[in-house]
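Me: I'd like a close look at a single part of this model, and then a walk outward from there. Keep it informal, but stick to what the coordinates say.

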Amino acid sequence: MTVTSEQRFGEFVVVRRHEGQEHVAELVLDRPKAMNAMSTEMARSLGAACESLGGDRDVRVTVLTSSHERAFCVGADLKERNSLTDAELMRQRPTARAAYTGVLELPMPTIAAVHGFALGGGFELALACDLIVADSTAVVGLPEVSVGVIPGGGGTQLLPRRVGAARAAELVFTARRVVAAEARELGLVDELVDAGRDREEALALGGRIAANSPVGLRAAKRALRLGHGLDLRTGLEVEDAAWRSVAFSGDRVEGVAAFNEKRRPNWPGE
């Protein structure tokens, strides 16, 4: 797949666009020497990249990938963490949180392409995405209690939303690692593909999603996210508000016209 543009955020994060997929952004974790361990600098760069993507109306889907052959992300940089004083760790916390919430709050659909190790904060980055495509080498888990902390990048909240409270408790409390086949069985990942094909399949899925209305995609994500966990009556109000935001949009007009004229829509994105 030919790269048509590339923007680097600091040393460790890259946003790429590809020929034939102009509406799909690839957000690359690019700290291969450390298996993408999340340092303060990398967290700051990831937050900045997400802020930029969130404001780009041309991006309909973001795919989160890794440049390391054997890992998606191994979590927090424990070597750096061990060097921080308590005061420095507290000052670093908002930067770390901004990286995870940056991914979580991207307004367009997001897909994580996972291979190899996705542990701790690495798995939390994947959980922050709407969909997870994993290859057969993937090993996921939240091992934080084994080093005296807890998942702090959203794991205690995002994992039970995927697999239920009891299953999430078992995984967090045991700190165990889960291989790809079991991860798919438990719902920790959404799609399981052959080794080495996670990125390719995730980008292909992104392309299929990006063929749809950008206004509709963002509104649908907003309704899904905001409505989750609410009682049905309140959730339907959230859905209605999202519907009203698109019902009179240019995308709706174009979508109906394209359907009636039996052609592919040319979305105005408004």
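Is Cys50 buried or exposed, and what is its relative accessible area?

Reply: Bear in mind that this is a predicted model. Cys50 is buried: its relative accessible area is 4%, and the cut-off for that label is under 20%. As for where it sits, Cys50 belongs to helix 1. Leaving aside residues up to four places away in sequence, Cys50 is in contact with Leu27, Gly102, Val103 and Leu106.

Now for the wider setting. Helix 1 (residues 40-54) supplies 6 residues to the largest nonpolar core, and that is the largest share of this core. The core as a whole has 49 residues, and Leu46, Phe72, Leu125, Leu159 and Leu188 have the most contacts inside it. That fits a general pattern: in soluble globular proteins, nonpolar side chains tend to be buried together.

Leu125 is a good one to click on next. Again not counting residues up to four places away in sequence, Leu125 touches Leu29, Met38, Leu46, Leu64, Phe72, Cys73, Tyr100 and Val103. Val103 turns up here as well as in the list for Cys50. There is also a second, separate core, with 13 residues, including Val63, Ile111, Val193 and Leu203.

For a reference point elsewhere in the chain, try Leu224. Cys50 and Leu224 are 174 residues apart in sequence, and their C-alpha atoms are 20 Å apart in space. The number 224 falls within helix 9 (214-227), the helix that the buried residues of helix 11 pack against.

So what does helix 11 itself look like? Helix 11 covers residues 250-260, and its buried residues are Asp251, Glu254 and Ala258. These three lie on the same side of helix 11, because they cover an arc of only 65° around the axis. The spacing helps here: an α-helix has 3.6 residues a turn, so residues three or four places apart point the same way. Phe259 and Asn260, on the other side of helix 11, are exposed. After helix 11 comes Lys262, with a positive phi near 55°.

Another positive phi shows up in a hairpin: Gly10 takes a value near 65° there, in the hairpin of strand 1 and strand 2, with 3 residues between the strands. Strand 1 (residues 3-9) and strand 2 (residues 13-18) pair in the antiparallel sense over 6 bridges. Within that pairing, Phe9 stands opposite Val13 in strand 2.

Definitions and conventions
Residues are numbered from 1 along each chain as its sequence is written. This is a predicted model: local features need pLDDT of at least 70, side-chain atom pairs count only at pLDDT 80 or more; totals for chains, interfaces and linings use all residues. Side-chain values use heavy atoms; hydrogens and water are left out. Buried means under 20% relative accessible area, exposed over 50%, partly exposed in between (1.4 Å probe, protein chains only). Helices (H or I, at least four residues) and strands (E, at least two) are DSSP runs, numbered from the N terminus. The arc is that of the directions from the helix axis to the C-beta atoms. Contact means heavy atoms within 4.5 Å. A nonpolar core is a set of buried Ala, Val, Leu, Ile, Met, Phe, Trp, Tyr and Cys residues joined through side-chain atoms within 4.5 Å. Two strands pair if DSSP finds at least two bridges between them.
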